[in-house]
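Okay, thanks for coming, everyone. I'll put the model up and talk through a few spots in it.

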Amino acid sequence: MGNWLDVIKEKIPENRVLTELSDRYSYSFDASFGEYLPEAVVQVKHQDEVVAVLKVANKYKIPVYPRGQGTCLSGGPLPVFGGMVLDMSQWPESIEVSPDDLTVKVTPSVLTGNINKEAEKHGLMYAPDPSSAHVATIGGNLAENSGGPRGLKYGVTKDHVLGLEVITPEGEIIRTGGSTIKNVTGYDLTKLIVGSEGTLGVITEATLKLMPKPIAVQTLMVSFNEVRKAGEAISKTLTSGILPAKMEFMDQACIQAVENFKPAGLPVEAAAIVIIELDGHPETLKIERKLVEEIMEKVGAKETVIPKSDEEAEKIWHARKQVSPAIAKIKPTKVSEDATVPRSKIPDLIDRLQDIKEKHNVEIVAFGHAGDGNLHPNVLCDKRDQEEMKRVELAVEEIFEAAIELGGTLSGEHGIGTMKAPFLESELGEVGVDMMKRIKESWDPNGILNPGKIFAEKGQKLVLRNE
């Protein structure tokens with residue numbers, strides 16, 4: 001493996017430098033597609049160790065792939081060119097809440113859901129709530145700029161980051177932003193790092209915004225006989241002056257899958273349902289609930305259900321969370337995408353998904369954060385069936401094309417990684433991609449940090465099969 005590994009072992013305790021095949025294999029995949037075997041896995045626990053590793057990597061030109069818990073759906077941490085995986089999950093966890101400042105300082109290995117739990121002890125909340133919050137680390141969420149259902153009202157991860165401690169690809173420590181709400185000192189490097197998918201630096205600490213937890217919440221579940229009416233209801237609600245915390249969409253296939261998996265009393269005959277959460281002062285919620293009910297009635301909703309208790313409301317939201325495991329029971333493999341379009345184009349995207357489904361003879365279900373146009377079309381398949389996977393690849397390509405043609409984007413929250421790299425230029429154009437590459441080259445002149453992500457190699461295509 002060369003001298004670089006011997007040098008690494010001089011700087012990192014040997015029990016945290018993994019070279020056995022079984023250990024390396026455990027880091028060769030994530031929650032997306034593809035397997036790439038690293039030459040070594042290095043578990044780091046302090047900024048000095050990250051500095052040392054990156055300096056060695058630069059000297060020997062060894063690829064370094066930062067990794068959290070490996071929950072990424074776009075191939076973000078995959079070691080596509082070998083080298084070493086930089087395992088950040090063993091870093092000592094620290095959550096320091098400053099209630100008076102409405103901020104929290106965290107280390108990269110902290111599970112995102114635990115930040116909110118700690119904030120709640122002070123009557124506060126950390127708003128970003130990706131579905132994987134209970135298993136994903138904040139470092140990974142920062143790298144991918146993760147979203148979640150509350151993104152509609154409160155924004156995604158980047159909207160809640162005040163400052164970062166980052167190790168540059170060349171092994172230098174920098175701090176971006178700070179602990180203040182206002183900060184316009186120079187370029188906004190914080191926003192540049194968040195969502196850069198580990199290609200520009202390794203995040204070792206973050207200062208995040210907190211906010212007061214809403215006094216009360218109100219859930220509504222609305223069913224529709226037509227998907228288009230569901231899309232219209234979303235637009236009418238959002239243009240009425242009401243801003244829900246969440247507006248989640250499930251098509252009929254998702255509804256039926258959940259009911260077959262773990263019955264929750266969802267309306268299986270409905271073409272679609274929209275689950276809404278309002279939050280704020282109890283008196284305000286009474287007015288907003290009534291207005292939403294009136295909007296739904298005018299649009300032509302089949303039924304609006306108002307939970308009679310917190311337990312009933314939680315049952316509805318739990319059913320929404322069961323979509324992914326439920327649809328996984330239909331077929332053993334699912335390709336999870338997050339095409340995002342303007343909210344008014346959701347019905348059009350649903351129509352396009354139906355056309356793609358019929359054209360390529362594949363099973364597609366749709367759910368997601370309809371309030372901000374972020375749907376999750378999931379193609380259900382069996383990766384052992386090579387012929388089917390070829391059709392799935394074509395279907396996924398057309399899903400991306402549809403999103404862009406409808407004025408949307410390749411990714412709302414999953415990132416580009418390896419999965420969507422071949423399609424980046426179709427959205428950003430040649431010049432746009434070139435400008436991004438220039439930024440990457442200036443930050444990482446030796447190209448050692450997470451290479452093979454975001455930017456496609458010449459001739460690279462989406463491949464979901466084991467060729």
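Let's start at K357, which is partly exposed at 24% relative accessibility; that label covers everything between buried, under 20% relative accessible area, and exposed, over 50%, with a 1.4 Å probe and protein chains only. Its partner is E363: the two side chains meet in a salt bridge, 3.5 Å from N to O. By salt bridge I mean a side-chain nitrogen of Lys or Arg within 4 Å of a carboxyl oxygen of Asp or Glu. E363 is partly exposed too, with a relative accessible area of 29%. Elsewhere, E165, R175 and E205 are joined into one network by salt bridges that share partners.

Quick housekeeping. This is a predicted model, so local features need pLDDT of at least 70 and side-chain atom pairs count only at pLDDT 80 or more, while totals for chains, interfaces and linings use all residues. Residues are numbered from 1 along each chain as its sequence is written, and side-chain values use heavy atoms, with hydrogens and water left out.

Back to the charges. How many salt bridges does the structure hold? There are 24. The general idea is familiar: side chains of opposite charge can pair when their charged atoms come close.

One of them is R228 with D348, where the closest N and O atoms are 2.6 Å apart. R228 sits in helix 8, residues 227-238, and D348 in helix 13, so this pair ties together parts that are 120 residues apart in sequence. When I say helix, I mean a DSSP run of H or I with at least four residues, and a strand is a run of E with at least two, both numbered from the N terminus. As for exposure, R228 is partly exposed at 40% relative accessible area, and D348 is partly exposed at 22%.

Then look at helix 10. The side chains of E294 and K290 form a salt bridge there, 2.7 Å from N to O. Why are they separated by about one helical turn? Because they are four residues apart in helix 10, residues 282-299. E294 is partly exposed, at 31% relative accessibility.

While we're in helix 10, E283 is found there as well, partly exposed at 46% relative accessibility. If you want a sense of distance, take the C-alpha atoms of E283 and V51: they are separated by 53 Å, with those positions 232 residues apart along the chain.

Now the helix packing. Let's go back to helix 8 and helix 13, the pair that R228 and D348 tie together. How do their axes cross? They come within 8 Å and cross at roughly 155 degrees. Axes here are lines fitted to C-alpha atoms, for helices over the stretch in contact, and angles run from 0 to 180 degrees between N-to-C directions. Helix 8 and helix 13 are therefore roughly antiparallel to each other; the cut-offs are under 35 degrees for roughly parallel, over 145 for roughly antiparallel, 65 to 115 for roughly perpendicular, and oblique for the rest. Helix 8 passes helix 13 in a right-handed crossing, meaning the near helix is turned clockwise from the far one by less than a right angle, with anticlockwise giving left-handed.

Helix 13, residues 346-360, also packs on helix 14, residues 386-405, at about 160 degrees with the axes 10 Å apart. Those two are roughly antiparallel, and their crossing is right-handed.

Over at the N-terminal end of the numbering, helix 1, residues 3-11, packs on helix 3, residues 47-60, at about 165 degrees, with their axes 10 Å apart. That makes helix 1 roughly antiparallel to helix 3, and the crossing is right-handed.

Next, backbone oddities. N145 has a positive phi of about 55 degrees although it isn't a glycine. You'll find N145 in the loop between helix 5 (138-144) and helix 6 (151-154). Buried or exposed? N145 is buried, at 16% relative accessible area. E197 is another residue other than glycine with a positive phi, near 60 degrees. E197 is in the loop between helix 7 (189-193) and strand 10 (202-209), and it is buried at 6%.

Last stop, L21 in helix 2, residues 21-26. L21 is exposed, with a relative accessible area of 53%.
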